[in-house]
Amino acid sequence: MASVGYGRGFGRGLLPPDNTSAFRKTKEDMHLPFGELTLITEDRYKDVLEKVQECFVIDEPIGKAVGIKWSPFFESFWLKALKTGISLMVVNPEDNDIIGFRINEYSLRKENMPDLNKLDDESLKIKDAFLLYAIGKANIYDHYSTDEAVHFLGLGVTRKYRKRGFGTLLMESGIKLAKNLGISPCYITGECSSNFSKRIYERLGFDVLSGTAYEDFEIEGKKVFRILENTNR
C-alpha cells in the first residue's frame, strides 16, 4: 500500500472566489442518481466532523496503521479546511443525513509546514511525518511551476452508502468546483491512502507524482506502520 501524491492542472492568484456562483454551476453540471449536492456550511460543521471521525479515525488506513484517536487538535485541522468554504457534501434528501463529503482547501508554496516536535500525540506525529514526506516527494509546486493549488484534503463516504459510486461522484464534483472558482490556471493536489482511492484518482486523469509504501517508511531508521490486513478498500 502506498500514499501517492497526485496533481492535475486546468489552465494566477488564489483570490477569494465567488463560492456561491461556482457551486451553483457545479451543481448544474453534476447529475446524481440519488442525494443532493450541497456546499458544507457552518451549520453542518459539527455533523460533518462526526462523519470525518468515522471515515478518518475508525476506517482510514493511515489512521488504523498508527492508532489515531480523535482530539481537539485533529478536529481543528479539519475545521480550518471547512472554513475555507470550498468543501462539498452529498446528503439524503429524505432525512438530511450526510452520505459523503469532499473537504477541500487552498494550498500555497509559501505556507509554513507544521512543527512536528510540537505535537504531543505520537500517532498524529507519525501520520503527519509520512504525509509531509509524500508531499515533499511529489513537489507539485516545482512540477507545475505554480505557487498555489486547490488541495483535496479528505473524502469520505459513510458506511451504509459505500460501494454505490458516491466516492467518484464527490471527486468529480470537487474537480468541477475547483474549475468553476475561476482560478486560472487551476491545479489540484491530493494524497490517497488506499488502493481504492488511488484508482479513483487515476481514473479521473490525475498525474501520479510520487508513491511511498507504508512498510518502507521509517523515522530515525525505524519502521513505524503496522502491517495492514486490507489495503484494497
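This note goes through the cores, salt bridges and aromatic pairs of a predicted model.

1. **The largest core.** The largest nonpolar core holds 32 residues. Within this core, V48, W78, F101, I103 and F225 touch the most other members. The elements giving two or more residues to the core are α2 (45-58), α3 (61-66), α4 (72-82), β3 (88-91), β4 (98-108) and α5 (122-138). Helix α2 has the largest share, with seven residues.

2. **Around I103.** What does I103 touch once its neighbours within four places in sequence are left aside? The contacts are V48, V52, W78, A81, L82, S87, H151, F152, L153 and G154. Two of these, V48 and W78, are also among the core residues that touch the most other members.

3. **The second core.** A separate core has 30 residues. Its members include V157, Y161, C192 and L204. Y161 returns below, in an aromatic pair with F166.

4. **Salt bridges, and a short-range case.** The count comes to 15 salt bridges. One of them joins the side chains of D29 and K25, at 3.6 Å from N to O. The two residues are four apart in helix α1 (residues 19-29), so about one helical turn separates them. Where do the partners stand, buried or exposed? Neither label fits: D29 is partly exposed at 30% relative accessible area, and K25 is partly exposed at 41% relative accessibility.

5. **D59 and R159.** This salt bridge has its closest N and O atoms 3.0 Å apart. The pair links distant parts of the chain, 100 residues apart. R159 sits in the loop between β5 (148-157) and α7 (166-180). D59 sits in the loop between α2 and α3. The environments of the partners are as follows: D59 counts as buried at 10% relative accessibility, whereas R159 is partly exposed with a relative accessible area of 48%. Because buried means under 20% relative accessible area, D59 at 10% falls in that class.

6. **D59 and R162.** D59 also meets the side chain of R162 in a salt bridge, at 2.9 Å from N to O. Here the partners are 103 residues apart. R162, like R159, lies in the loop between β5 and α7. R162 counts as partly exposed, at 27% relative accessibility.

7. **The network.** Which residues are linked with D59 in a network of salt bridges? They are E54, R159 and R162. Both of the D59 bridges described above link distant parts of the chain.

8. **C55 and G156.** C55 is found in helix α2. The residue is buried, with a relative accessible area of 4%. How far apart are the C-alpha atoms of C55 and G156? They are separated by 5.7 Å, although the two residues lie 101 apart along the chain.

9. **Aromatic pairs, starting with F152 and F206.** The structure holds 16 aromatic pairs. In one of them, the rings of F152 and F206 have centres 6.4 Å apart and planes at 50 degrees, so the pair is tilted. The pair links distant parts of the chain, 54 residues apart. F152 is in strand β5. F206 is in the loop between α8 (195-203) and β7 (207-213). Both rings belong to buried residues: F152 has 0% relative accessibility, and F206 has 6%. F152 is also one of the I103 contacts.

10. **Y161 and F166.** The ring centres of Y161 and F166 are 6.3 Å apart, with planes at 90 degrees, so the pair is edge-to-face. Y161 is buried, with a relative accessible area of 5%. F166 counts as buried too, at 4% relative accessibility. Y161 is among the members of the second core.

11. **An aromatic cluster and a lysine.** One aromatic cluster is formed by F56, W70, F74, F77, W78 and F101. W78 and F101 are also among the residues that touch the most other members of the largest core. Which residue lies over the face of F77? K127 does, at 5.1 Å from the ring centre.

Methods
Residues are numbered from 1 along each chain as its sequence is written. This is a predicted model: local features need pLDDT of at least 70, side-chain atom pairs count only at pLDDT 80 or more; totals for chains, interfaces and linings use all residues. Side-chain values use heavy atoms; hydrogens and water are left out. A nonpolar core is a set of buried Ala, Val, Leu, Ile, Met, Phe, Trp, Tyr and Cys residues joined through side-chain atoms within 4.5 Å. Buried means under 20% relative accessible area, exposed over 50%, partly exposed in between (1.4 Å probe, protein chains only). Contact means heavy atoms within 4.5 Å. A salt bridge is a side-chain nitrogen of Lys or Arg within 4 Å of a carboxyl oxygen of Asp or Glu. Rings of Phe, Tyr and Trp (its six-membered ring) pair if their centres lie within 6.5 Å; planes under 30 degrees apart count as stacked, over 60 as edge-to-face and the rest as tilted. A charge sits over a ring if NZ of Lys or CZ of Arg is within 6 Å of the ring centre and within 35 degrees of the ring normal.
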